[in-house]
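Hi,

Here is the structure I said I would pass along. Have a look at it first, and my notes follow underneath.

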Amino acid sequence: MIFANGADIDFHKEWNGALLKDDPSRLTFLTTHMVIGMEQLVNKQADRDAMLAADFSVPQGVADGLERMREQIDANPATRGKVKIAFTEWLFIPREEDVHLPRFDNQGGAVLGAAWMNMILSHADFVPVSDMTGLIDFAGIHKAKGRFFGTPQFWAFSLYSNYAGDELLGSNTTVRLYDVHQGLRRMPEVKNVPYLDVLATRHSSDGRVALFVVNRDWKNPIATDISLDHFTPAGDVEVHTLQAAELTSMNDPEHPNLVRPVDSKLQISGNSFRHTFAPLSVTVFVFQPK
């Protein structure tokens, strides 16, 4: 298994092209990473809403970049379907003074991290290796003043670790979209960013279905109808919700559990129901087969 040091999605073409041409039969993975400054906009006069729209579009922008990487790899018969991507680092980090923006240790970072997990898992056939920066420190577990606590993004990561199944299910989402123009310097143009970002998985061992829903709208709750096709759930549904009062809410030694998932139950009849997703929230539904 050979890992070659590849380039990032926004400047991969020449570097990865040379690696793919040099000795393609030896390659297994091209590595990439994304450490992105949340304040680095092309439009320096952008207001906060435009900046947040750009920040929360990052997973969609990376998904678009991964498809360009796939096209380049598949263009070479020697690497088509053989060479994959290893995402060896990802981190959302504005400047220290930009405390109003999503970052690795606040609720905004948790929403970004969850949408990122949806994106990575939906590309698992092409990106089977992914590494969040800092499971200890940064976006993970912190120690300060003699206390341990997890960041909101750590708790989002925990939801996926505990509830995501080993089989990806198809899903169809009808929701408002937005486009980003003159956004982040590394991905200034991103189209068709959904306010609700959805992923569905199944556990092959027992048939449980997990539905992950990220509301990246930083202002508004979103009420939606959810229908489960070709699956009849039991009436008792687990619900795990990660939300906070503010985008900037975070955990610290004095408030180690300010932001963490809340567990609840939902009673449904049949295979459809309605739910309202709070702004900047991550919600996981776990359905048992009937």
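A quick definition before the rest: a residue counts as buried when its relative accessible area is under 20%. Keep in mind, too, that this is a predicted model.

With that cut-off, threonine 224 is an easy call: its relative accessibility is 17%, so it counts as buried. You'll find threonine 224 in strand 12, which covers residues 222-227. Leaving aside residues up to four places away in sequence, threonine 224 touches Leu196, Phe273, Arg274, His275 and Phe277.

Histidine 123 goes the same way by that cut-off: its relative accessibility is 9%, so histidine 123 is buried as well. This one sits in a loop, though, between helix 4 and strand 4 (129-132). Again not counting residues up to four places away in sequence, histidine 123 is in contact with Ala63, Leu66, Glu67 and Arg70.

Since helix 4 has come up, on to its packing. Helix 4 (residues 107-122) packs against helix 5 (residues 152-163), with an angle of about 30° and the axes 7 Å apart. Angles under 35 degrees count as roughly parallel, so helix 4 is roughly parallel to helix 5. As for handedness, helix 4 and helix 5 make a right-handed crossing. If you want to look at the contacts, the helix 4 side consists of Gln107, Gly109, Ala110, Gly113, Ala114, Met117, Asn118 and Leu121, and these meet Pro152, Gln153, Ala156, Phe157 and Tyr160 in helix 5.

Now for the strands at the N-terminal end of the numbering. How many residues of strand 2 are buried? Strand 2 runs over residues 29-36, and 6 of its 8 residues are buried, which leaves the strand mostly covered. Strand 1 (residues 3-4) runs parallel to strand 2 and is joined to it by 2 bridges; within that pairing, phenylalanine 3 has phenylalanine 29 as its bridge partner in strand 2. To get from strand 1 to strand 2 the chain passes through helix 1 (residues 13-22), giving a right-handed β-α-β crossover.

Strand 2 also pairs with strand 3 (residues 84-92), again in the parallel sense, over 8 bridges. If you'd like a place to start there, leucine 30 has isoleucine 85 as its bridge partner in strand 3. One general reminder for when you look at the strands: side chains in a regular strand alternate between the two faces of the sheet.

That's what I have for now.

Cheers

Methods. Residues are numbered from 1 along each chain as its sequence is written. This is a predicted model: local features need pLDDT of at least 70, side-chain atom pairs count only at pLDDT 80 or more; totals for chains, interfaces and linings use all residues. Side-chain values use heavy atoms; hydrogens and water are left out. Buried means under 20% relative accessible area, exposed over 50%, partly exposed in between (1.4 Å probe, protein chains only). Helices (H or I, at least four residues) and strands (E, at least two) are DSSP runs, numbered from the N terminus. Two strands pair if DSSP finds at least two bridges between them. A crossover is right-handed if, with the strands pointing away from the viewer, the path from the first strand over the helix to the second runs clockwise. Axes are lines fitted to C-alpha atoms, for helices over the stretch in contact, and angles run from 0 to 180 degrees between N-to-C directions. Angles under 35 degrees count as roughly parallel, over 145 as roughly antiparallel, 65 to 115 as roughly perpendicular and the rest as oblique. A crossing is left-handed if the near helix is turned anticlockwise from the far one by less than a right angle, and right-handed if clockwise. Contact means heavy atoms within 4.5 Å.
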